[in-house]
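Below are some notes on this model for a first-year reader. Please keep the structure open while going through the points.

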Amino acid sequence: MRPSEIKILQEQHRGRILPVVPMILVGMGTCGIGNGADAVYARIMRQISEDGIECKLKQTGCFGFCAEEPVVMLYRPGAPMLVYSKVNEKDAARIVESIGKDRIYRNKLLCRIDKWDFLTSKVEFGQGYAELPHWDEIPFFKGQQKVVLRHAGLIDPEEILDYIAVGGYNALARVLSTVEPADVVNEVIESKLRGRGGAGFPTGVKWGIMQKQESGQKYIICNADEGDPGAYMNRNEIESDPHMLIEGMLIGAYAMGADSGIAYVRAEYPLAVKRLKRAIQQAGDLGLLGENILGSGLNFRLDVVEGAGAFVCGEETALIASIEGKAGRPTPRPPYPASRGLYGKPTNINNVETWCNVPVIMEKGSAWFKAIGTEKSAGTKVFSLVGKVKNTGLVELPLGSRLEQFVFSIGGGTGTSRRVKAVQTGGPSGGCIPLAHFSTPVDYESLNGIGAIMGSGGMVVMDQDNCMVDVARYFLEFNAGESCGKCTPCREGLAQALAILTRITRGQGTIVDLAMLELLGGVIKDSSLCALGQTAPNPVTTTLKYFRHEYEEHIREKRCHAGTCESLFPALCENSCPLHMDIPGYIELIKEERWEDAFELTLRDNPLPGTLGRICHFHCQMRCRRDMLDQPVSQGEIHRYLADTIYQLGKEEDIYRKLIKEKLPPTGKRVAIVGAGPAGLTAAFYLVRLGHDVTVYDAMPEAGGILRYGIPQYRLPQELLQKEIKMIGRLGVKFKMNRRLGGNLSLDELKKESDAIFLAIGAWKDVALNIPGEHAKGVFAGSDVLKEMSMGKIPQIGQQIVIVGAGNVAVDASRSLLRLGKEVILVYRREKKDMPANAVEMSEAEEEQIKFRFLSAPHEIVADSSGFVRALRIEKMRPGDIDRSGRRNPVSTGLFEEVPCDSVILAIGERVSSEELAESMSLTGDGRIAVDRFTFRTSDPAIYAGGDAVSGPATAAEAMGMAKRAVAAIDKVLMNKERFHLLSREFHYGNEVPQNPKASPKNVARRLSVRDRVNNFNEISFGFTGEQARNEVERCLRCDVRCQ
Amino acid sequence: METLINTPLAGEILDEIIEKHRGKPGMLLTTLEEAQEKNPLKYLPGETLVEVSGKLNIPYTQVYSVATFYSYFNLTPQGKHTVVVCRGTACHTKGSKGLLDDVTALLGIRRDVDGADSSFTTSDNLFTVRTVACFGQCAQSPVVEVDGVIHSNVNAQKLLKIMSRIKNGKTEKK
């Protein structure tokens, strides 16, 4: 065949791309088939013949949006291509049926394609359906630039004529007939193309070295060993467009003077191997492979060799050894393959994607190519975006795009309520990048700068339920297993590092281990023979750098907060509970009808059982395994029922007396606690039982903190709270109320009289909104309003109230004011699903018909001539891109509205009121008290702190959990030994695991109807009945039971 | 229960494979791969290795080195059904370790948690459980391949269904 005939073939077969009859394309990559695309294809074929419709059916490769497979495209002449996603057989039949009709099938429609640029040609399908988004408008594809993936999903990879019809092999024809080999090399050098396998060596330079070798036998190799777990770009490139690879290698062979090429494809990619072999066959049949190609005198044969499951064979010298029939062990370089490679001859190895860029560079020119991307990293790169991300798939973006674009704009965040924690890039040679660094551009250099690498393009997104220590261990296990064993640093070093990490995940680690890991990592990196060893420590070094606190938690607290390392926690519920209550324990004791024991068990871990049973956020339920079967177990309600029942029967007396008797002998140490909220009360409860002399100071008249003055009675009746606080008093805790720090309470005085001070002052200062009109009359702070109402006063507030905010304070305030007969509107700048308030509260508020205005940002408080509030001016917002919190950023629309009102309540967040402390200790930027993570010491060694004052607004359980840990730390310092465990005792109970749990919904407590509750503050929830409680405990799966 | 007979490949079949690949790049790898595939028990018996060594004129130690270096090659007979659990990063992130624990427990295989073995066959030779570093199907993690058919988004429930289907005699179609 002559070069000019390619052009003729292209025109002749244009009809394959733009036929005169309708055509259906079905994505048949491995993931498509894995999701049922083959069944869909068969169904379409059957339907077409049954209905007798004239329609072509074509299998294609993968369009890239793997989360939406199977993908089916429908083309009708003159109309845009319609793209359907997650197509099942029923949809398939409907799509075929719609061909003859006027109306298109609307279900499962993803987008349309009006025109497409194949880079080697352009095609226009048609105009219309403007109401459907264009493919590059949907979040997953927006911003992508398809260079390497220009044909994927739109042509049949098993038909060479499809490839030619879109302009394929034109570049080859032109090169062979009009361009000198040396000029080809220059063009590639000019384009600044760099190796896409990960090392990023300038491709043109590599080619130049080969080209200059004296003629004789030369080889070119395509490295398709893609061993990085999590990366599958190369697989898709070969499965969807094998001719692109062949054309690239042909051009390379011509430029470098090689006559033999080998594609080394890993055995785990059988479809890619099959399609490549078939493509080679077809190319040979057309005279594009073999002898005297296109009459140019070029001889080139291409063989396929399958790898056999050795990750190290991705390294070029190991790959060569593998082809030569030896074990894949790397050899030192120099000599480089370009001078002495396969069978001792000059060899050029490039990654699949590198080869695939070559035809485009020759077609469009180096100037076009290097205009994409950055100065040092030209062109695009294909990435596999997988893991805990909503839109998984293959993403092709110009190099230099930022990580956040990948994860949030294209990926859509996690898609669940969990937050993104890190992205792992570069496979086992790469690193874990934390959220804080997501504005880093993705290219060869920038990621190196933060200790990670771009690698071959794998991007695995991880959320808060992934343990980074486990991730490091996972990669070490992989690398240690794949090590060829030749050099000692890699073989022995990785084995030792793995042993250390394994011990850490089992709770047997020490702080010395971290130093050892860093030392080992350095040695292995510096002295390994090949890149596998040299980069193997990266996952460990990056996680140590960015997630050191997780390692320390595993070592010092013997806890895995993510809930992955199973040796470090009995059950996910217990692990997630900030107080680490032994939940399976008390559930089992209830099952055995041992109510007092159950209560005693909860009390030892939680001094406010009735209170928390009502108001907790129930972190336990968020991780309950039962959720996989039907719904989480309602641990909270069980917990509340237990406390209520014990109190009703008066049985708590005995248990408290027991605790009083058990108090450790007086230590003679005096501890002052400032703050009688959840954290302060908890600290008091444990410190007094440890034998210390405890005094609690608080600025308010009564104890309870936010529990007393922030939470409305319909959620938490005051009598219950007071009862539980009184019990703490009976243990011997002294309370001194109405004492305020900076006023009639001096820190210095306290220091003189105490051996230790614990600050638990909470976060009570409302954040200012900083909008004009904030000082008008009739503007209130949310927590002030709640405080007043909790003290039995009716706030001097108007009748038409607008509340700005979306947290618990805002919702509590709105529901309380509703009960006073006020008209309440709650205004929030984001959407309902983004509200941080408790979900139960939200649904109850909706039932009570609180009015909400979402996507409305407060702009100005409008006052009348006498300075009183008359309206809140809001700006309508629209949801923008997803930000780091995983929520959509509200974007101004420029449209305003005035909401008439006579009072405005600001409840957009709270801060710690820490001005008095600023001189005595270090504070964080936003006013929180800075403490050591494990000792809870402030910058003044005699003063400790915990609760919201340290963390910022959090849940009551979290504040209490922190206080508990702080007490253990304080006691250890005061008494010089670990004594905290002396406050618990062992409980013995049965350990039977339910054998065949049947799905059963969780029990739901009865609540007051809306009518019966909107005009009073009576407690809304009745809690469980006895029967409900007994049923609910049977639902527990006893995940804590281990076999020996 | 079937009794398995240890059969190395018949001479002519092996010869055919060897001649097909003789002289091509990577001939040893490709020969061994095809020889294993054509063996009904999907493994490479010692006799096969010896024959390959002799016919290709490659020292036996080198053939043995290659057969033991690459994880793809099995030197022991494989079970009638193969379950491959992917242990790639995306799959691991989504809990494939738990799946591996579950499937081995289901089949009554006792696994050394940190043992070097990555392949386990039940004593009745019905099932072999092995792992693969990555199938390249990361968008559908966790991935489990059973008898050559890839299953995506596998969780414990789905796995149970697949395993019981096989145990009840319904084989997976390729």
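1. Helices and strands in these notes are DSSP runs, numbered from the N terminus; a helix has at least four residues and a strand at least two. This is a predicted model. With that naming, Pro70(A) sits in the loop between β2 (56–60) and β3 (72–75) of chain A. The peptide bond that joins Glu69(A) to Pro70(A) is cis, with an omega of about -5°.

2. A second cis peptide bond to check runs from Arg333(A) to Pro334(A), where omega is near 5°. Pro334(A) also belongs to a loop, the one between α12 (316–323) and β12 (347–351) of chain A.

3. Two residues deserve a look for their backbone angles. Lys86(A) is not a glycine, yet its phi is positive, about 50°. Its place is the loop between β4 (81–84) and α4 (89–97) of chain A, and Lys86(A) counts as partly exposed at 43% relative accessibility. Tyr129(A), not a glycine either, has a positive phi of about 50°. Tyr129(A) lies in the loop between β7 (122–124) and α5 (160–165) of chain A. With 21% relative accessibility, Tyr129(A) is classed as partly exposed, because buried means under 20%.

4. How many disulfides does a search of the whole structure find? The result is zero over all chains. A disulfide is a covalent bond between the sulfur atoms of two cysteines. For Cys530(A), the nearest cysteine sulfur belongs to Cys484(A) and is 6.3 Å away. For Cys91(B), the nearest one is that of Cys86(B), at 3.7 Å. Neither distance meets the cut-off, because a disulfide needs the sulfur atoms within 2.5 Å. Cys530(A) is buried, at a relative accessible area of 10%, and Cys91(B) is buried too, at 3%.

5. Next, a helix pair in chain A. The axes of α18 (residues 488–505) and α22 (residues 548–557) come within 9 Å and cross at roughly 65°. On the α18(A) side the contact uses Leu501(A), Ile504(A) and Thr505(A), and these meet Tyr551(A), His554(A) and Ile555(A) of α22(A). Sorted by class, four of the residues in this contact are nonpolar, two are polar and none is charged.

6. Is His639(A) buried or exposed? Its relative accessibility is 6%, so His639(A) counts as buried. This residue is part of helix α28 (residues 635–648) of chain A. Leaving out residues up to four places away in sequence, His639(A) touches Met581(A), Tyr586(A), Thr602(A), Asn606(A), Pro609(A), Leu612(A) and Gly613(A).

7. One of those partners, Thr602(A), is among the buried residues of helix α25(A). That helix covers residues 595–605, and nine of its 11 residues are buried. The buried set includes Trp595(A), Phe599(A) and Leu603(A), and also Glu600(A), Arg604(A) and Asp605(A).

8. Chain B has seven helices and five strands. From the N terminus, their order is α-α-α-α-β-α-α-β-β-β-β-α. Chain B has 174 residues, of which 48% count as buried. Among its contacts with a separation of 6 or more, 62% are between residues 24 or more positions apart. The chain exposes about 8400 Å², with 52% of that supplied by carbon and sulfur atoms.

9. Last, the interface. Chain B brings 36 residues to the contact and chain A brings 57 residues. The area buried between the two chains is about 3400 Å², and carbon and sulfur atoms give 55% of it. Which residues of chain B lose the most area to chain A? They are Pro25(B), Phe69(B) and Thr89(B), together 18% of what that side buries.

Notes
Residues are numbered from 1 along each chain as its sequence is written. Chains are lettered from A and ligands numbered from 1 in the order in which they are written. This is a predicted model: local features need pLDDT of at least 70, side-chain atom pairs count only at pLDDT 80 or more; totals for chains, interfaces and linings use all residues. Side-chain values use heavy atoms; hydrogens and water are left out. Axes are lines fitted to C-alpha atoms, for helices over the stretch in contact, and angles run from 0 to 180 degrees between N-to-C directions. Contact means heavy atoms within 4.5 Å. Ala, Val, Leu, Ile, Met, Phe, Trp, Tyr, Cys and Pro count as nonpolar, Asp, Glu, Lys and Arg as charged, and the others, Gly among them, as polar. Buried means under 20% relative accessible area, exposed over 50%, partly exposed in between (1.4 Å probe, protein chains only). Accessible areas come from the Shrake-Rupley method with a 1.4 Å probe; for residues, only the protein chains shown count as cover. Buried area is the accessible area (1.4 Å probe) that two parts lose on being put together, summed over both.
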